[in-house]
Each structure stands twice: as C-alpha cells, then as structure tokens.
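Please open the model in your viewer and keep the sequence panel beside it. The tour below proposes one selection after another and says what is to be found at each stop.

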There are 2 protein chains.
Amino acid sequence: MPQSQRQLEERQMRKERILSGALQVFKKNGIDGATMDEIANASGFGKATLYYYFKSKEDVLTAILLDGWLKIWESLEPVIGEQKSPRKTFINVLIKIAENAQNRPGLFEFLFNVPKVVKIENQPWKEYQERLYSVIKGLLEDGVKSGEFPNVNPNHMFKALGGLFMGLVFMGDREEPVTDKDVEKLLNQLITDPTISKK
Amino acid sequence: MPQSQRQLEERQMRKERILSGALQVFKKNGIDGATMDEIANASGFGKATLYYYFKSKEDVLTAILLDGWLKIWESLEPVIGEQKSPRKTFINVLIKIAENAQNRPGLFEFLFNVPKVVKIENQPWKEYQERLYSVIKGLLEDGVKSGEFPNVNPNHMFKALGGLFMGLVFMGDREEPVTDKDVEKLLNQLITDPTISKK
DNA sequence: CTAATTTTCGACTATTAATTCGATAAATAT
DNA sequence: ATATTTATCGAATTAATAGTCGAAAATTAG
C-alpha cells in the first residue's frame with residue numbers, strides 16, 4: 001500500500017516517456033492530426049496504457065505545455081531575482097530562454113506557437129506564459145524609463161523582438177549556445193544603447 | 001448547352017457566398033474544428049450543395065486562401081511597378097497591405113496565420129505568398145544597399161517587421177485607414193532614415 | 001508461496017463528421 | 001409543353017479515432 005519512492009519515480013519516468021513521444025507526434029502531425037494510436041507507438045506503450053497515465057488526449061497536451069512553461073519559468077526566476085539594470089537583466093533573460101530552447105529543441109517552438117491553435121480557457125500553463133511576457137514588458141518599460149533603451153513604444157519593441165528572437169533561436173540552424181554577444185548584437189540592431197553610442 | 005454569362009456569374013456568386021460562410025466558421029472553430037454542416041448553415045445552403053460547388057472541405061479552404069493571396073498580390077503589383085526608391089516603395093507596399101486587411105477584416109489575419117496549421121505541399125497560393133515575401137525582402141536589401149536604410153540584417157528586419165506590422169494592422173482596434181504617416185512612424189521606431197536624421 | 005496491487009494491452013464501442021446517394025425542384029432550351 | 005440541364009438537399013454511408021473493457025502479466029507484500 002505504501003507506494004515506494006522508486007515506484008513513484010518510475011511512474012514519473014513513464015509519464016515523461018509518453019509526453020516525449022506525444023510531442024514528436026504533435027509536431028509531426030499537428031495537434032488535431034495526432035492520434036492516440038500513433039502516440040502510443042511513438043512512446044512504446046499500448047494505447048490503453050496511455051489512458052492509465054493520462055485522462056485524455058487533451059490531458060497529454062496540457063501536461064506537455066505545463067511542464068514546458070514551468071521549466072522555463074523556474075530557470076528564469078533566479079535571473080530575474082538578481083538586481084541588475086533592466087538592460088542587463090533583459091539580456092540575461094533572453095539568453096536563458098535561448099539556453100532552454102537549445103536544451104530541448106522542438107519543445108520551445110511548440111510552446112510558443114501552440115496557443116494559436118488551442119482554446120485557451122483555464123489552461124494552467126497560461127499563467128506562466130503571462131508571467132514571462134509581463135516580466136519582459138516590464139523590463140522594457142523600466143529600461144526606457146531609466147534611459148537605458150531609447151524612447152520607443154515598449155509594446156512595439158515587444159512584438160518586434162518576438163519575431164527576431166524566434167528567428168534567432170528556433171529557425172536558426174545553429175548548434176552553439178547563444179551568448180550575450182549575440183543578444184547584444186541582435187538588440188543593437190533594433191535599439192542602440194544610448195549610454196554607449198552617444199556618438 | 002451554352003452556359004450564359006449570367007449563369008456563370010451567379011454560380012461564382014454562390015461560390016463566394018460559400019467561401020465567406022466558410023471563413024466565418026474556420027475563424028470561429030479553427031480549421032479542424034469547422035464542420036461542413038456548420039459551413040452549410042452559415043452560408044445558407046444544404047450540406048450536399050457545398051459538394052456541388054467544391055470537391056471537398058480542403059478544397060474550400062484552398063479556395064479561400066488562393067483567392068485571398070491572389071487579391072493581395074494583384075493590388076500590390078502596380079505599387080511595385082512604379083519605379084520609386086526602395087524606401088518609398090516599401091512604405092507603399094505596407095500601406096497597400098494594410099488597406100487590404102481593412103477592407104476584408106478577418107480574412108487577412110487568417111491568411112497570415114493559417115500556414116502554421118496546414119500541410120503546405122503544392123498549395124497553389126503558396127506561390128503568391130512567397131512572391132510577396134521575396135519582394136519585401138528585396139526592397140529591404142535594396143534599401144540597405146542604397147543607404148536608405150541603415151545597415152541592419154534584412155532578414156532580421158523582415159522578422160521584426162512581421163511582428164510589428166501584424167500588431168498594427170490586425171490586433172489593433174483601429175477603424176481608420178493606415179496612413180503613410182503611421183507606417184513611417186512605425187518604421188522609424190525600428191530603423192531611422194539616415195538621409196533625414198543625420199543629427 | 002499466495003494474495004494483493006500495479007501495469008500492460010488488443011479488441012471493442014461510440015461518436016463524430018466527411019462524403020455520397022437518390023430524389024426532386026427550378027430554370028433553360030427546343 | 002416537353003425534354004434537358006442545372007441546382008438543391010436530407011438521409012444514408014463510411015471512415016477515422018477517442019476512449020473503454022476485461023483479461024492477463026508483472027511486480028510487490030505478507
């Protein structure tokens with residue numbers, strides 16, 4: 001009756017294995033195109049076993065998303081905690097995200113694109129996503145206020161950055177980690193640091 | 001046996017009516033979520049009649065997309081034809097797209113987002129989409145070469161612009177047409193015209 | 001070792017929705 | 001006015017697939 005620690009851990013492993021197979025299939029066929037049969041194959045279990053671990057297909061998807069966002073958020077927390085300048089923090093946040101993206105390739109592109117396809121009502125991962133977005137927007141605003149960024153509309157910056165960053169991290173065929181130099185360069189193409197390039 | 005002109009036109013009308021109902025439903029429920037029954041209702045025909053005019057659900061979707069991209073492209077051709085400076089042409093192209101987007105609200109957001117959801121193999125509309133993208137990229141490159149844009153990576157610019165522009169045109173609650181002032185302003189937030197703001 | 005429990009799974013069921021059928025009506029032609 | 005062509009549609013068919021069932025194998029407990 002007393003579930004042993006090992007038992008619990010193995011259970012967790014199996015869940016992760018299913019999630020990983022599911023991600024593959026979701027990415028290949030799209031969310032609606034993915035079938036439980038194929039997910040079962042991809043993860044090496046029988047279909048019925050999926051339902052032993054997860055309530056439904058939707059539940060599987062939600063688990064992938066929640067887990068993904070949670071891990072991003074956790075890796076970001078310390079960076080956000082450090083009391084550096086908005087610009088410095090901002091750059092570190094981007095680097096951290098890039099790091100995440102490169103550790104688990106595929107997952108993050110999925111994470112950032114899936115909201116367009118899913119009914120987002122009471123999705124538990126939505127909270128973490130929103131937190132991340134509001135932190136970034138906050139940093140932009142603070143940076144503008146403190147004069148570290150030139151006076152552009154933070155909302156516009158945010159959107160432009162989205163396109164740029166996704167391009168850099170996801171589409172890129174690069175293997176090497178994204179360095180702060182990369183991010184600085186990218187950033188300088190959009191907004192020159194007024195404290196440096198006073199010219 | 002000789003289909004009268006009017007007959008052909010009425011037929012065309014009916015097809016458009018179906019397409020318009022279908023777009024509504026696609027937008028509301030997503031592509032996979034949309035049912036032919038609902039499309040039939042929305043467009044005021046019986047379900048079987050849809051199949052009299054279109055081969056399949058996919059065919060309906062393709063027709064929407066092809067028609068949309070074709071119309072964008074046609075409206076853009078003259079603007080591209082005029083031999084103005086890259087920067088001027090670039091701005092005019094953006095304005096034209098914005099115009100299109102406002103004339104048929106809903107369609108264009110759909111047009112620009114749907115590729116993420118659809119298997120894009122031999123899609124006839126893909127060609128027009130690619131043409132548009134390559135024109136824009138070309139203008140950016142020419143602008144950089146001629147010194148009208150500062151020397152940023154055109155690929156990055158392109159992506160950043162995507163985010164920005166979509167924000168301005170689609171998300172915005174604005175009713176008024178997008179003017180060249182708007183586009184200039186937007187543009188200047190990203191890239192200052194070196195021929196003006198030499199400071 | 002035997003009983004309980006956890007895990008696994010292929011076959012079955014139920015549902016949903018795309019597509020087709022067959023009949024009928026409306027319009028057009030002769 | 002009759003025949004032919006064009007248009008319409010609800011009902012039936014079919015296909016796909018999410019989710020369930022009941023049995024059995026593996027593991028753990030006493």
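Select chain A and colour it by secondary structure: read along the sequence, the chain follows the pattern α-α-α-α-α-α-α-α-α, with nine helices and zero strands, where helices (H or I, at least four residues) and strands (E, at least two) are DSSP runs numbered from the N terminus. This is a predicted model, in which local features need pLDDT of at least 70 and side-chain atom pairs count only at pLDDT 80 or more, while totals for chains, interfaces and linings use all residues. Residues are numbered from 1 along each chain as its sequence is written, chains are lettered from A and ligands numbered from 1 in the order in which they are written, and side-chain values use heavy atoms, with hydrogens and water left out.

With chain A still selected, colour by accessibility: buried residues make up 42% of its 199 residues, buried meaning under 20% relative accessible area, exposed over 50% and partly exposed in between, with a 1.4 Å probe and protein chains only. If you draw a contact map, where contact means heavy atoms within 4.5 Å, residues 24 or more positions apart account for 69% of the contacts in chain A with a separation of 6 or more.

**Helix H1 of chain A**

Next select H1(A), which has 25 residues and reaches 36 Å from its first C-alpha to its last, close to the 36 Å expected at 1.5 Å a residue; the expected span is 1.5 Å times one less than the number of residues. Its buried residues are A:Ile18, A:Leu19, A:Gly21, A:Ala22, A:Leu23, A:Val25 and A:Phe26, and the buried residues of H1(A) pack against helix H2 (36-43), H3, helix H4 (57-81) and helix H6 (107-113) of chain A. H1(A) is followed by A:Gly30, whose phi is positive, near 80°.

**The nonpolar core**

Which residues have the most contacts inside the largest nonpolar core? Select A:Phe26 and B:Phe26, which hold that place in a core of 119 residues, a nonpolar core being a set of buried Ala, Val, Leu, Ile, Met, Phe, Trp, Tyr and Cys residues joined through side-chain atoms within 4.5 Å. Helix H4 (residues 57-81) of chain B gives the most to this core, with ten residues. Around B:Phe26, and not counting residues up to four places away in sequence, show B:Ile31, B:Ala34, B:Ile39, B:Lys57, B:Val60, B:Leu61, B:Ile64 and B:Phe110, which B:Phe26 touches.

**Two buried single residues**

Then go to B:Ser43 in helix H2 (residues 36-43) of chain B, which is buried, with a relative accessible area of 6%. Leaving aside neighbours within four places in sequence, B:Ser43 is in contact with B:Arg17, B:Ile18, B:Gly21 and B:Leu50.

In chain A, select A:Leu186 in helix H9 (residues 180-190); A:Leu186 is also buried, with a relative accessible area of 4%. A distance label to A:Leu161, 25 residues apart from A:Leu186 in sequence, should read 9.2 Å, C-alpha to C-alpha.

**DNA strand D**

Now show DNA strand D with its 20 surrounding residues, of which A:Arg6, A:Met36, B:Arg11, B:Ala48 and B:Tyr53 come nearest; a residue is near a strand if one of its heavy atoms lies within 4 Å of it. Sugar and phosphate account for 67% of the atoms of strand D that come within 4 Å of the protein. For polar contacts (pairs of N or O atoms within 3.5 Å; within protein, one must be able to donate a hydrogen and the other to accept it, and residues adjacent in sequence count only if both atoms are side-chain atoms), begin at A:Lys47, where a side-chain N or O atom is 2.6 Å from a base oxygen of strand D. Phosphate oxygens of strand D are reached by the side chain of A:Tyr51, at 3.3 Å, and by a polar side-chain atom of B:Arg14, at 3.2 Å. H3(B) gives the most to the surface near strand D, with four residues.

**DNA strand C**

Finally, show DNA strand C with its 18 surrounding residues, of which A:Arg11, A:Gly46, A:Ala48, A:Tyr53 and B:Arg6 come nearest. Phosphate oxygens of strand C lie 3.4 Å from a side-chain N or O atom of A:Arg14, 3.2 Å from one of A:Thr49, and 3.0 Å from a backbone N or O atom of B:Ala34. The largest share of the surface near strand C, four residues, comes from H3(A).
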